[in-house]
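Work through the exercises below with the sequence and the structure at hand. Each task is followed by a worked solution.

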Amino acid sequence: MAEKKDSLQATLDKFSEFDRLCGLLNFPPLFSEMTKPSSDMAAFREHFAKAKNIVVLTGAGVSAESGVPTFRGAGGLWRRWAAQDLASPEAFAENPSLVWEFYHYRREVMASKDPNKGHIAIAECEKRLAPQGRDVTIITQNIDELHKRAGSNNILELHGNLFTTRCTKCGEIKKNYDSPICEALKGKGAPDPAAEDARIPVDKLPRCTKPDCGGLLRPHVVWFGEGLSPVVLNAADVKLQNCDLCLVVGTSSVVYPAAMFAPQVASRGVVVAEFNIEETSATDNFGFHFQGPAGSFLPEALAPHETETK
Ligand SMILES: NC(=O)c1ccc[n+]([C@@H]2O[C@H](COP(=O)([O-])OP(=O)(O)OC[C@H]3O[C@@H](n4cnc5c(N)ncnc54)[C@H](O)[C@@H]3O)[C@@H](O)[C@H]2O)c1
Ligand SMILES: [Zn+2]
């Protein structure tokens, strides 16, 4: 419990750190004169037709229809653990074998999935609008690379990427699509609660291949209690400050700082549309809420508008 509290405090500390960094939190009261969000697609499309700088914020829900489990939905547990229990520097220090089993499993699962209609609609929109001088940027919390595989180019990955490793000794960051990532993890990582922990010796876990290093590798993802990359945060901040339309897709809006991005954009008077199978704690801040699977709504929302120049 104390650990949970500490990690929550660390998250909140990161939040205020970011808040200072982008100086955005002085927005007007979010809850004044609030009206219920609209679900009028034609009205949304009028805004879409005029927008020149579109930001699409995505979370685990955009990948749900690809068969990738979200953290908070059914299937959120791996063996007996919630992701928060394993996605932390403390867990890795205590049991790197267990944490690598968990990430090996996630890498194998995600590599076997394909982008869905939601990812593809966003990627097609980016490609189509670019020659019109209009920008579409994805700011994602996902680490599954499905946006990239759908063909999107403008992607800011807030939480890193499952297919990138970082050496704990020399710090080298490297793409890695090996399957399995090392021989000892072959056939390991079964998610069912009865599965035996593999207890792999640390020298048999993924190691740095740089000459004279050989350090232990870790997934290049942001764990609970860790700060986000200032470079990525700054880039996201610029896009958020300049956008004139924002879509927020498949995120429960509880993980900071991403959770505050869309409410901040809305507080500037910019149209924000939420696409989610349910209402979230942030829904009432937004102009539009489309309740249902992202893969059903996004193709319609982002299809060519009749006013678009070819
Ligand atoms: N695919 C991934 O890379 C992946 C998967 C699980 C968790 N995560 C990590 O988990 C953290 C959790 O935050 P989060 O907000 O991204 O996820 P979350 O699990 O907290 O919330 C998922 C949200 O998606 C919605 N949703 C589910 N299916 C949907 C669908 N078909 N269409 C639209 N919405 C749908 C849910 O209602 C929920 O609000 C993030 O930090 C992220 O890095 C990533
Ligand atoms: Zn190294």
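Two strands pair if DSSP finds at least two bridges between them. The model used throughout is predicted.

**Exercise 1. Strand 1 and its partners**

Task: Find which strands are joined to strand 1 by bridges, and state how they run.

Solution.
Step 1. Locate strand 1, which covers residues 53–58.
Step 2. Count the bridges to strand 9 (residues 245–249): there are five, and the two strands run parallel. With at least two bridges needed for a pair, strand 1 and strand 9 are paired.
Step 3. Check one position: Leu57 has Val248 of strand 9 as its bridge partner.
Step 4. Turn to strand 4, which is joined to strand 1 by six bridges and also runs parallel to it.
Step 5. Check two positions here: Ile54 is partnered by Val136, and Thr58 stands opposite Thr140.

**Exercise 2. Strand 4 and its surroundings**

Task: Decide whether strand 4 is largely enclosed or open, and find its bridges to strand 5.

Solution.
Step 1. Strand 4 spans residues 135–140, and five of these six residues are buried.
Step 2. Strand 4 is therefore largely enclosed by the rest of the structure.
Step 3. Strand 1 is mostly covered, with five of its six residues buried.
Step 4. Three bridges connect strand 4 with strand 5 (residues 155–157), and these strands run parallel. At this pairing, Ile138 is opposite Ile155.

**Exercise 3. The nonpolar cores**

Task: Describe the largest nonpolar core and say which helix gives the most to it.

Solution.
Step 1. The largest nonpolar core contains 50 residues. Those with the most contacts inside it are Val56, Leu57, Cys246, Ala262, Val265, Val272 and Ala273.
Step 2. Helix 9 (residues 258–267) gives the most to this core, supplying seven residues.
Step 3. Another core lies apart from it and has 20 residues, including Ala60, Val99, Ile143 and Leu205.
Step 4. Take Val56 as an example of contacts across the sequence. Leaving out residues up to four places away, Val56 touches Ile122, Val136, Ile138, Leu247 and Val249.

**Exercise 4. An annotated group of cysteines**

Task: Find which residues the UniProt annotation "binding site" covers, and compare the burial of Cys167 with that of Cys213.

Solution.
Step 1. The annotation comes from an unreviewed UniProt entry and covers Cys167, Cys170, Cys208 and Cys213.
Step 2. These residues are spread over 47 residues of sequence, yet they cluster in space, with a largest C-alpha distance of 8.9 Å.
Step 3. Cys167 is in strand 6 (residues 160–167). Cys213 is in the loop between strand 7 (173–175) and strand 8 (217–221).
Step 4. A residue counts as buried if 20 or more other C-beta atoms lie within 10 Å of its own, and as exposed if there are 12 or fewer. Cys167 has 21 such atoms, so it is buried. Cys213 has 13, so it is partly exposed.
Step 5. Set aside neighbours within four places in sequence. Cys167 is then in contact with Glu172, Cys208, Cys213, Gly215 and Leu217. Cys213 is in contact with Cys167, Lys169, Cys170 and Cys208.

**Exercise 5. Backbone exceptions**

Task: Locate the cis peptide bonds from Ser179 and Tyr256, and the positive phi values of Arg199 and Ser253.

Solution.
Step 1. Begin with the usual case: most residues other than glycine have a negative phi, and most peptide bonds are trans.
Step 2. The bond from Ser179 to Pro180 is cis, with omega near -5 degrees. Pro180 sits in the loop between strand 7 and strand 8.
Step 3. Tyr256 and Pro257 are also joined by a cis peptide bond, with omega about 5 degrees. Pro257 is in the loop between strand 9 and helix 9.
Step 4. Arg199 has a positive phi, near 45 degrees, and lies in the loop between strand 7 and strand 8. With 10 C-beta neighbours inside 10 Å, Arg199 is exposed.
Step 5. Ser253 has a positive phi of about 55 degrees and belongs to the loop between strand 9 and helix 9. Ser253 is buried, because 21 other C-beta atoms lie within 10 Å.

**Exercise 6. The shell of ligand 1**

Task: State which residues come nearest to ligand 1, and sort its shell by class.

Solution.
Step 1. There are 28 residues around ligand 1, and Gly59, Gly61, Thr70, Asn142 and Ser252 come nearest.
Step 2. By class, the shell holds eleven nonpolar, 13 polar and four charged residues.

Notes
Residues are numbered from 1 along each chain as its sequence is written. Chains are lettered from A and ligands numbered from 1 in the order in which they are written. This is a predicted model: local features need pLDDT of at least 70, side-chain atom pairs count only at pLDDT 80 or more; totals for chains, interfaces and linings use all residues. A residue is near a molecule or strand if its C-beta atom, placed from the backbone, lies within 6 Å of it. Ala, Val, Leu, Ile, Met, Phe, Trp, Tyr, Cys and Pro count as nonpolar, Asp, Glu, Lys and Arg as charged, and the others, Gly among them, as polar. Helices (H or I, at least four residues) and strands (E, at least two) are DSSP runs, numbered from the N terminus. UniProt positions are given in the numbering used here, feature names are shortened, and annotations may be inferred rather than shown by experiment. Two residues are in contact if their C-beta atoms, placed from the backbone, lie within 7 Å. A nonpolar core is a set of buried Ala, Val, Leu, Ile, Met, Phe, Trp, Tyr and Cys residues joined through C-beta atoms within 7 Å.
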